[in-house]
Amino acid sequence: MLKLENIKKSYDQTVVLDGINLEIQDGEIVSILGPSGCGKTTLLNLILGITDADSGKIIYNGEDMTNLPMEKRGFNIVFQDYALFPNLNVYKNITYGLRNKPDISTKEEVKDLINLLGLREHLSKKIEQLSGGQKQRVALARTMVMKPKILLLDEPLSALDGVIKESIKDRIKTIAKEYHLTTIIVTHDPEEALTLSDRVLIVNEGKIAQFGEPEKIINEPENEFVEKFILNQLRIKKNNIFNLFGGNEGKMERDILVS
Ligand SMILES: Nc1ncnc2c1ncn2[C@@H]1O[C@H](COP(=O)(O)OP(=O)(O)OP(=O)(O)O)[C@@H](O)[C@H]1O
Ligand SMILES: [Mg+2]
């Protein structure tokens, strides 16, 4: 279990995280959802160990990790800007971490992941020859082959298109469940957060607005921010899609019920 106790972080007198308390169970998929600038990446960086908190504790399976350097924590991240090696080809990027730890993933597992992420035909390309979405998939593969204790993902799906996005969402879910991998995913998309995760952590202005299961958030929003910012976005999207298919909302819902 990963536990954050009263984490506080400021940059130049500006409070970014203001007393974050939470517990994430092993094998759980948690999304961190909130508007731009609310502190999502900062929270991930604190868990990863590349940013220090001003106060508070980070505890993993009973061990205080607050002052442990990143490489000793055994967590791994897919950065928002991918952070790939430009001088290595796609395959070498994906397998980079396995050079010194070849037993972590079998050749078969690496191949599987490459196929699933649709990267097979790009393996010998240089990073600069890839599109944004392709880079994102390479970054995802590179991190997943290492099977980290905790997988941290910063907006991993934002540059992907519809169909592949859904299949990668499924893959993340399958891998997380299969390997009992604790997965923490940052997103600003409520639909993605609510369909992908076991629980959603909604952050607003450095504080937790609500932390709960998707159904709980939908049915029992705890405050105005969750209601207005998160649920309203979803309702607008839902209505837009219903309208697009030429029905009004009530009729569509009845159709779904009788089919
Ligand atoms: N190294 C830094 N120095 C100073 N201020 C910073 C630093 N990193 C982040 N901040 C500030 O902290 C706040 C939170 O930033 P953070 O990157 O965590 O937001 P975010 O929720 O990930 O946003 P986005 O959705 O746009 O990625 C922002 O106001 C940002 O300007
Ligand atoms: Mg961010």
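# Briefing: two sheets and two nonpolar cores

Of the protein's 259 residues, 46% count as buried (under 20% relative accessible area with a 1.4 Å probe, protein chains only; exposed is over 50%, partly exposed in between). This is a predicted model, in which local features need pLDDT of at least 70, side-chain atom pairs count only at pLDDT 80 or more, and totals for chains, interfaces and linings use all residues. Residues are numbered from 1 along each chain as its sequence is written, chains are lettered from A and ligands numbered from 1 in the order in which they are written, and side-chain values use heavy atoms, with hydrogens and water left out. The protein has 10 helices and 10 strands. Helices (H or I, at least four residues) and strands (E, at least two) are DSSP runs, numbered from the N terminus.

**Overall dimensions**

- The radius of gyration, taken over C-alpha atoms, is 19 Å; this agrees with the value near 18 Å for a compact globule of 259 residues (2.2 Å times the number of residues to the power 0.38).
- Along the principal axes, the C-alpha atoms fill a box of roughly 55 × 45 × 35 Å.
- About 13500 Å² is exposed, and carbon and sulfur atoms supply 50% of it (Shrake-Rupley method, 1.4 Å probe; for residues, only the protein chains shown count as cover).
- Among contacts (heavy atoms within 4.5 Å) with a separation of 6 or more, 64% join residues 24 or more positions apart.

**The six-stranded sheet**

- This open sheet has 6 strands in the order 6-7-8-3-9-10, with mixed pairing (two strands pair if DSSP finds at least two bridges between them).
- Strand 6 (75–78) and strand 10 are the edge strands, each pairing on one side only.
- Neighbouring strands are turned by 15 degrees against each other on average, direction ignored. Axes are lines fitted to C-alpha atoms, for helices over the stretch in contact, and angles run from 0 to 180 degrees between N-to-C directions.
- Helix 9 (residues 224–244) packs on the sheet and touches strand 3, strand 9 and strand 10. The direction of helix 9 makes about 105 degrees with that of strand 9.
- Strand 7 and strand 8 are parallel, with 5 bridges. Leu-151 stands opposite Thr-183 in strand 8.

**Strand 9 and its partners**

- In strand 9 (residues 199–204), 5 of 6 residues are buried.
- Strand 3 (residues 29–33) runs parallel to strand 9, joined by 4 bridges. Val-30 has Arg-199 of strand 9 as its bridge partner.
- Strand 10 (residues 207–212) runs antiparallel to strand 9, joined by 5 bridges. Leu-201 has Phe-211 of strand 10 as its bridge partner.
- Strands 9 and 10 form a hairpin with 2 residues between them. Glu-205, in the turn, has a positive phi of about 50 degrees.

**Thr-182**

- Thr-182 lies in strand 8 (residues 182–187). It is buried, at 2% relative accessible area.
- Leaving aside neighbours within four places in sequence, the contacts of Thr-182 include Ile-24, Asp-26, Lys-149 and Leu-151.
- Thr-182 and Asn-239 are 57 residues apart in sequence and 34 Å apart in space, C-alpha to C-alpha.

**The four-stranded sheet**

- A sheet of 4 strands is open, antiparallel and ordered 2-1-4-5.
- Strand 2 (14–24) and strand 5 (63–64) stand at the edges with a single partner strand each, so one side of each has no neighbour in the sheet.
- Strand 4 (residues 55–60) and strand 5 pair antiparallel over 2 bridges. Tyr-60 has Glu-63 of strand 5 as its bridge partner.
- Helix 1 (residues 40–48) lies across strand 1 (2–11), strand 2 and strand 4, at about 120 degrees to strand 1.
- Asn-45 lies in helix 1. Asn-45 is buried, with a relative accessible area of 15%.
- Not counting residues up to four places away in sequence, Asn-45 touches Ile-50, Thr-51 and Ile-77.

**Nonpolar cores**

- The largest nonpolar core has 34 residues (buried Ala, Val, Leu, Ile, Met, Phe, Trp, Tyr and Cys joined through side-chain atoms within 4.5 Å). Ile-94, Leu-140, Ile-168 and Ile-172 touch the most other members.
- Two or more residues of this core come from each of helix 3 (90–95), helix 4 (107–116), helix 5 (132–144), strand 7 (150–154) and helix 6 (162–178).
- A second, separate core of 27 residues includes Leu-4, Leu-17, Ile-20 and Leu-44.
- Not counting residues up to four places away in sequence, Ile-168 touches Leu-117, Arg-137, Leu-140, Leu-157 and Leu-160.
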